[in-house]
Amino acid sequence: MTDVSGGAPILGEPLSIELANTSYAVRGHPREGLEVPQHLGSWLRDVRLATADVDAADLAATLALRDAIRRLADATVDAEPLPADAVAVVNRHAATPARWRELRADPEPDTVARSAGGDVATALSEIAADAVDLFGGPRRHDLRACQGPGCVLHFIRSGRREWCSHGCGNRARAARHYARNRTT
Ligand SMILES: [Zn+2]
């Protein structure tokens with residue numbers, strides 16, 4: 001069976017962090033969740049952003065935006081200045097293509113999302129807009145790097161959670177238990 005999704009975890013985090021987390025790890029080994037355009041197509045559907053076919057240029061643009069978001073996330077977690085070139089990449093995607101909501105009258109009043117660009121460009125613009133709000137707003141103070149063993153994911157903290165998922169929390173507790181029993 002071929003892996004059509006790329007295997008990237010989807011944790012219900014803000015869109016920009018979901019994209020950052022497509023670069024993940026399994027037991028400490030780095031994994032690429034967006035290896036081929038097909039993976040990006042599946043991922044975009046999973047996060048309900050686009051259903052269009054995806055090509056290599058779309059994938060390259062997505063990976064460049066992801067790299068920028070990951071660097072912004074690392075700088076934020078480390079309380080360091082945001083790298084200017086990563087800020088520029090996010091702002092460029094946030095500004096294009098033009099997006100707006102359109103009023104529909106039939107069959108009853110409704111709103112429809114419209115854009116001047118293709119589905120993938122619009123999706124990347126949505127992700128970049130989320131990054132603008134996240135890294136420029138108060139939620140940035142709740143951004144955390146997962147403390148699970150071998151995990152490289154980011155998440156927005158709620159309560160005192162130190163882990164991206166229950167799985168990482170369980171592994172961290174098991175590792176602590178193991179370390180404690182080894183030293184006594
Ligand atoms: Zn984790």
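**A zinc site, two pockets and a buried threonine**

The site of the zinc ion is tetrahedral, with angles of 103 to 115° among its 4 donor atoms. The model is predicted. Four cysteines supply the protein donors: Cys146, Cys151, Cys164 and Cys168, each through SG. These atoms lie 2.3 to 2.4 Å from the zinc ion. Along the sequence, the donor residues follow the spacing C-x4-C-x12-C-x3-C.

One pair of donors shows how the site links distant parts of the chain. Cys146 sits in the loop between strand 5 (143-145) and strand 6 (154-156). Cys164 sits in the loop between strand 6 and helix 6. The two are 18 residues apart. Cys146 is buried. Cys164 is buried as well.

Now turn to the pockets. The largest has a volume of about 220 Å³. Its lining counts 16 residues, and the closest to the centre are Ala25, Val26, Arg27, Cys168 and Arg171. Cys168 therefore serves twice: this residue is a zinc donor and lines the largest pocket, where a lining residue has an atom within 4 Å of a pocket point. Two elements give two or more residues each to this lining: strand 1 (23-26) and helix 6 (166-183). By class, the lining holds 10 nonpolar, 4 polar and 2 charged residues.

The second largest pocket encloses about 160 Å³ of space. Arg48 and Leu49 belong to its lining, as do Arg99 and Trp100. A further run of the lining includes Ala113, Arg114 and Ser115. Gly118, Asp119, Thr122, Ala123 and Glu126 complete the list. Which elements supply at least two residues of this lining? They are strand 3 (99-104), strand 4 (110-115) and helix 5 (119-136). Helix 5 gives the largest share, 4 residues. Here the classes divide into 4 nonpolar, 3 polar and 5 charged residues.

Last, look at helix 3 (residues 56-77), which holds Thr62. Is Thr62 buried or exposed? Its relative accessible area is 0%, so Thr62 is buried, the cut-off for that class being under 20%. What does Thr62 touch, leaving aside its neighbours within four places in sequence? Thr62 is in contact with four leucines: Leu19, Leu34, Leu40 and Leu124. One of these partners, Leu124, falls within helix 5 (119-136). Helix 5 is also the element with the largest share of the lining of the second largest pocket.

Terms used. Residues are numbered from 1 along each chain as its sequence is written. This is a predicted model: local features need pLDDT of at least 70, side-chain atom pairs count only at pLDDT 80 or more; totals for chains, interfaces and linings use all residues. Side-chain values use heavy atoms; hydrogens and water are left out. On a 1 Å grid over the protein atoms alone, a cavity is a set of points where a 1.4 Å probe fits but cannot get out, and a pocket is an open set with protein on both sides within 12 Å along at least five of seven lines; lining residues have an atom within 4 Å of a point. Grid points are joined across faces, edges and corners, and a volume is the space filled by probe spheres set on the points. Ala, Val, Leu, Ile, Met, Phe, Trp, Tyr, Cys and Pro count as nonpolar, Asp, Glu, Lys and Arg as charged, and the others, Gly among them, as polar. Donors are N, O and S atoms within 2.8 Å of the metal (3.2 Å for Na, K and Ca); water is not among the atoms, so sites may look incomplete. Four donors count as tetrahedral if all angles lie between 85 and 135 degrees; four count as square planar and six as octahedral if opposite donors are over 155 degrees apart and all others between 65 and 115; anything else is irregular. Buried means under 20% relative accessible area, exposed over 50%, partly exposed in between (1.4 Å probe, protein chains only). Contact means heavy atoms within 4.5 Å.
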